[in-house]
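Got the viewer open? Here is a short tour, one selection at a time.

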Amino acid sequence: MDSPPSRVIHIRKLPSEVSETEVIALGLPFGKVTNILMLKGKNQAFLELGTEEAAVTMVNYYTAVTPQVRNVPVFIQYSNHKELKTDSALNQRAQAVLQAVSAVQEGGSPSSAAGESVLTPAPSPVLRIIIDNMFYPVTLDVLQQIFSKFGTVMKIITFTKNNQFQALLQFSDPVNAQQAKLSLDGQNIYNSCCTLRIDFSKLVNLNVKYNNDKSRDYTRPELPAGDGQPPMDPSVAATLGKDSTSLLGAISPLSAAAAAAAAAGRVALSGHTGPGGVLLVSNLNEEMVTPQSLFTLFGVYGDVQRVKILYNKKDSALIQMSDGNQAQLAMSHLNGQKMYGKIIRVTLSKHQTVQLPREGLDDQGLTKDFTSSPLHRFKKPGSKNFQNIFPPSATLHLSNIPENVTEEDLRLLFSNSGGTVKAFKFFQDRKMALLQMSTAEEAIQALIDLHNYDMGRGHRLRVSFSKSTI
């Protein structure tokens, strides 16, 4: 039986020589790690995160992408404990590591009390990155997107050495480099390939002469492109130069960046639907679910092409996304969420496509083809929507609001979807707003009911999840 969500995560089958730092690194990309307990003899550990949301995001992500420590797959699930009570004497070393890591995370330097041996100050703001098992091309933009979750990326140089793709990447601060190395070393960019191997470089400053797809200095957008390439578009340079942490939201930097980059067509994965463009969703509420409701919810994470509710198992459905990365993204965000009162399970299906029923065969409306739907959010390459993909949360972002619509109208509309509106805030131009329901489940329900709702005068309401709270 799966335990209900808890901010304490139970990790099993760890390699015996594993260190506290390596276990903490599993949780770091998802939020603050507040406690750790190592059970060395049993090859297990407990990790406590700052919030339950962070823990849910972590478990969902690792359900989709098997976590590895020292190349060994480990198992992650919610613990029955709601918090960790640790005996200080036994756990002193772990606490010291934790303090050192949080000091680095908060941008301080680890204090001497935290044990210098654990985390020596970062030697350089420059990381040397080697990519193993490179079955998909990894571009400079993908690296920028992954690493900028940890701080401002200033310069990147990519090259091939000994037949291996390598990069040098410079942060504005050595502390950010240290955090990125701690969290990302040994992780895969795409599911089970493109493994990052990260070390500090002996260089402390990179000299970039050209801005092109091999090298880039985000602080100097005016550099020439060199070797006959067009110079970089200054508007792109400006957005890339900003600390683009917000691009990736609270999910793991890796799946999001891969999906965002692939979706923006920067990675040669376009037209690559299989393997893994089809999802199997089970434990659905068969009284309530429709192809349209699945299209709307899964459409937050990619462009849904077809949906089939299974004829002889109506609590399950196949959903075909437009590519494997969108499927991966939808799975890591929606697996374990509640829809119509039931916790849904989302896995990759072995099917490559969803078959439509034969001509003239009535399947009671269980299969729907959405290929030419005008409601796809990600049709335009590089659309703003790629940057606003967040896990389900109680707070919704509303846009395309007609000018005569008041806060009262919207509160009423959203409370009718069966939940409680806790808070509301218009943006300055009143075309957009944030609206907070009391739970993520209520927000999921409201999004399904009200995304594309006709507000009159040709305005259709757009609803997505937000990373902000009000």
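Start with the whole protein chain, coloured by burial if you like: buried residues make up 53% of its 470 residues. Keep in mind that this is a predicted model. Switch to a cartoon and you can page through 11 helices and 23 strands. Put a surface on and the accessible area comes to about 21600 Å², with 51% of that belonging to carbon and sulfur atoms. One more thing before zooming in: take the contacts between residues at least 6 apart in sequence, and 70% of them join residues at least 24 apart.

**Stop one: Val-346**

Select residues 345-348, which form strand 18, and pick out Val-346 within that strand. Is Val-346 buried or exposed? Its relative accessibility is 1%, so Val-346 counts as buried; the cut-off for that label is under 20%. Now show what Val-346 touches, skipping residues up to four places away in sequence. You should find Leu-279, Leu-280 and Val-281, then Phe-298, and then Met-331, Leu-334 and Asn-335. For a long jump along the chain, draw a distance from the C-alpha of Val-346 to that of Thr-63: the two residues are 283 apart in sequence, yet these atoms are separated by 9.4 Å.

**Stop two: helix 8 and helix 11**

Phe-298 was on that contact list for Val-346, and residue 298 is also where helix 8 (residues 291-298) ends. Select helix 8 along with helix 11 (residues 440-450). What should you look at in a pair like this? Two packed helices are described by the angle between their axes and the distance between the axes. Here the axes come within 9 Å and cross at roughly 110°. That angle makes helix 8 roughly perpendicular to helix 11, and the crossing is right-handed. Show side chains for the contact: helix 8 brings Ser-293, Thr-296 and Leu-297, while helix 11 brings Ile-444, Leu-447 and Ile-448. Colour them by type and you get 4 nonpolar, 2 polar and no charged residues.

**Stop three: Ser-464**

Hold on to Leu-447 from helix 11, as it leads to the last stop. Which residues does Ser-464 touch, leaving out those up to four places away in sequence? Leu-447 is one of them, and the others are Arg-377, Thr-395, Leu-396 and His-397. Select residues 462-465 to see strand 23, where Ser-464 sits. Ser-464 has a relative accessible area of 15%, so this serine is buried too.

Key:
Residues are numbered from 1 along each chain as its sequence is written. This is a predicted model: local features need pLDDT of at least 70, side-chain atom pairs count only at pLDDT 80 or more; totals for chains, interfaces and linings use all residues. Side-chain values use heavy atoms; hydrogens and water are left out. Helices (H or I, at least four residues) and strands (E, at least two) are DSSP runs, numbered from the N terminus. Buried means under 20% relative accessible area, exposed over 50%, partly exposed in between (1.4 Å probe, protein chains only). Contact means heavy atoms within 4.5 Å. Axes are lines fitted to C-alpha atoms, for helices over the stretch in contact, and angles run from 0 to 180 degrees between N-to-C directions. Angles under 35 degrees count as roughly parallel, over 145 as roughly antiparallel, 65 to 115 as roughly perpendicular and the rest as oblique. A crossing is left-handed if the near helix is turned anticlockwise from the far one by less than a right angle, and right-handed if clockwise. Ala, Val, Leu, Ile, Met, Phe, Trp, Tyr, Cys and Pro count as nonpolar, Asp, Glu, Lys and Arg as charged, and the others, Gly among them, as polar. Accessible areas come from the Shrake-Rupley method with a 1.4 Å probe; for residues, only the protein chains shown count as cover.
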